[in-house]
Amino acid sequence: MRFKSLKGIQDILPPETYIWQHLEHTSRKVFEKYGYKEIRLPIIESSDVFTRSIGETTDIVEKEMYTFPDKGNRSITLRPEGTAPFVRAFVQHHLYNEPSPQKYYYMGPMFRYERPQAYRYRQFYQIGTEALGTEDPKLDIEVISMLANILKKIGLKKFTTEITSIGCKECRPHYKTALKKALKNKLNDFCEDCNRRYEFNPLRLLDCKVPSCVKARTVAPAIIDFLCAQCTHHFETIKHNLELLNISYVVNPNLVRGLDYYTRTAFEVTSEALGSQKAVAAGGRYDRLVKDFGGPPTPGIGFAIGIERIIPLIKKSIVHDVYPDLFICSLGREASDRGFIMTEQLRNRGLWVEMNYDELSLRSQMRKADRIKAKNVIVLGEDELKKGKILIKDMQNKKETEVALETEEILKAVSNKK
RNA sequence: GUGGCUAUAGUGUAAAGGCAGCACGAGAGACUGUGGCUCUCUUUGUACGGGUUCGAAUCCCGUUAGCCACCCCA
């Protein structure tokens, strides 16, 4: 093959595109009920939009970004996630002056230079939301609830919502200290990576999957026990209200976000059906990010759904069974021309009409109509042109109805059966 | 970035060093103006580049891509 799409980058073909549309359409409808408005953001940004917000020492920034110089030698990065560009736009356009809370959603491609695997691509698509302007836990609850609603509406049967709180700038440092102290003497039991992470990002030791590390960290204190009074209250309110709303969740104190900007609430939705790439959506609160971008202190919370990871889970339940309303068979030049004009007229009146492009035997044309599962067929030949009448054949029950050879008459006859 | 497995037609699969085949799909026709069945014909194929051999889809090396487990995440 001479040309191929790049590694980890895929084409999305029909009929799968219809599942994508279903997903996008359904989430848009839910977003509107919650007051979210669409925002369209650029795919490329100045690199420091990401390095400053996501964190210099995170894996995303350290090794997964598509970064390159443009012709003016500026460092450009293909967005690896949506929140940083959003906050940049939020501050740039003073969106904090809109009535609070400000709620936005977006959908589009993200780019990470990773080793591809099933459901993990270098260009992947997210549906994301951001809501800002209040620290109130009701917003957190609403966001988690909305996510669950979307997932249910698009047909996802089984999923788990995991939540935790990772504290704020007051309490997290205390936890970090306690964690390091508790693990200090056990470092020999941890893997090499964990030993490296111990120094600059000890929270990471909590979600290492190496069995020996899982075992060794059982002595680690839970961050939940170190939350300050406000964070504890915040978290407890969320849990309480999720129960009132009948939204099932599990607290996973080892849930750690890979991006530095998160505070307090962190959550992740997983599906066991996916193997090791089991996260289908994830998000959290980011109360300092707007200020970091030079805006007024504005708390916020958001999440992103990974489209590619949802698709295989709902594929079977979505059937795209839309077929042409009418197929026009034509015999001879004159009939073909007349048929073509009718085809266009009927399409403009709202019908899906097909006809044959080449001159073929009637048998062939009928076969084609059958193969594309056209609901009705008319045959247009010399007789019909002469008589000014045609038969509309219903392909399901084989019944034929005679109507006048006029666009309006055909439209009426076919529409009645729709 | 690390380790492993894999790559044959549009798709799914055979050919264990000796004729690249089968099924499905797709296109046309047999059947003079009515589809689904049947039959016939057609269909850009051994991922790419080298090597071993009289001879390679098959063995070896490299590249690329996909998959799996890590890492990390959506």
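Pro15 belongs to the segment before α1 (16-33). In this predicted model, the peptide bond that joins Pro14 and Pro15 is cis, with omega at about 5°. A second cis bond joins Ser100 and Pro101, where omega is about -5°. Pro101 sits in the loop between α4 (83-92) and β5. As background, most peptide bonds are trans, and most residues other than glycine have a negative phi.

The phi angle has its own exceptions here. Asn73 is not a glycine, yet its phi is positive, at about 65°. This residue lies in the loop between β3 (66-69) and β4 (75-78). Asn73 counts as exposed because its relative accessible area is 64%, and the cut-off for that class is over 50%. Lys373, also a residue other than glycine, has a positive phi near 60°. The loop that holds Lys373 runs between α13 (362-371) and β14. With 47% relative accessibility, Lys373 is classed as partly exposed. His94, just after α4, takes a positive phi of about 50°.

Helix α4 itself deserves a closer look. Of its 10 residues, 9 are buried, so the helix is largely enclosed by the rest of the structure. The buried residues are Thr83, Ala84, Pro85, Phe86, Val87, Arg88, Ala89, Phe90 and Val91. What do they pack against? The partners are the strands β2, β5 and β6, together with the helices α2 (48-54) and α10 (289-292).

Strand β2 offers a view of this packing from the other side. Glu45 is found in β2, and this residue counts as buried because its relative accessibility is 7%, where buried means under 20%. Beyond its neighbours within four places in sequence, Glu45 is in contact with Phe50, Ser75, Ile76, Thr77, Pro85 and Arg88. Pro85 and Arg88 are among the buried residues of α4.

The surroundings of β2 also include a surface feature. Ile43 is located in the loop between β1 (37-38) and β2 (44-46). Its relative accessibility is 35%, and Ile43 therefore counts as partly exposed. Together with Ile44 and Phe68, Ile43 makes a nonpolar surface patch of about 240 Å².

Strands β5 and β6, both packed against by α4, are paired with each other. Strand β5 (residues 102-111) runs antiparallel to β6, and 10 bridges join the two. Within this pairing, Tyr104 stands opposite Glu130 in β6. Strand β6 (residues 123-132) also pairs with β11 (residues 300-306), again in the antiparallel sense, through 7 bridges. Here the bridge partner of Ile127 is Ile305 in β11. How much of β6 is buried? The strand is mostly covered, with 9 of its 10 residues buried.

Further along the chain comes an open sheet of 5 strands. Its order is β13-β12-β14-β15-β16, and the pairing is mixed. At the edges are β13 (353-355) and β16 (400-404), each of which pairs on one side only. On average, neighbouring strands of this sheet are turned by 25° against each other, direction ignored. In general, strands of a sheet pair through backbone hydrogen bonds, either parallel or antiparallel. One antiparallel pair in this sheet is formed by β14 (residues 376-380) and β15 (residues 389-394), over 3 bridges. Val377 has Lys393 in β15 as its bridge partner.

Two helices lie across strands of this sheet. Helix α12 (residues 333-348) lies across β12 (326-330), β13 and β14, and its direction is at about 160° to β13. Helix α15 (residues 407-416) lies across β12, β14, β15 and β16, at about 150° to β16. Strands β12 and β14 are thus crossed by α12 and by α15. The edge strand β13 is among those that α12 lies across, and the edge strand β16 is among those that α15 lies across.

Key:
Residues numbered from 1 in each chain as written. Chains lettered and ligands numbered in written order. Predicted model: local features only at pLDDT ≥ 70, side-chain atom pairs only at ≥ 80, totals over all residues. Heavy atoms only, no water. Pairing = 2+ DSSP bridges. Helix = DSSP H or I, 4+ residues; strand = E, 2+ residues; numbered from the N terminus. Axes fitted to C-alpha atoms, helices over the stretch in contact; angles between N-to-C directions. Contact = heavy atoms within 4.5 Å. Patch = residues over 30% accessible without salt bridge, like charges linked within 9 Å, V, L, I, M, F, W, Y side chains within 5 Å. Areas by Shrake-Rupley, 256 points an atom, 1.4 Å probe, with all protein chains shown as cover. Salt bridge = Lys/Arg side-chain N within 4 Å of Asp/Glu carboxyl O. Buried < 20%, exposed > 50% of the residue type's maximum accessible area, 1.4 Å probe, protein only.
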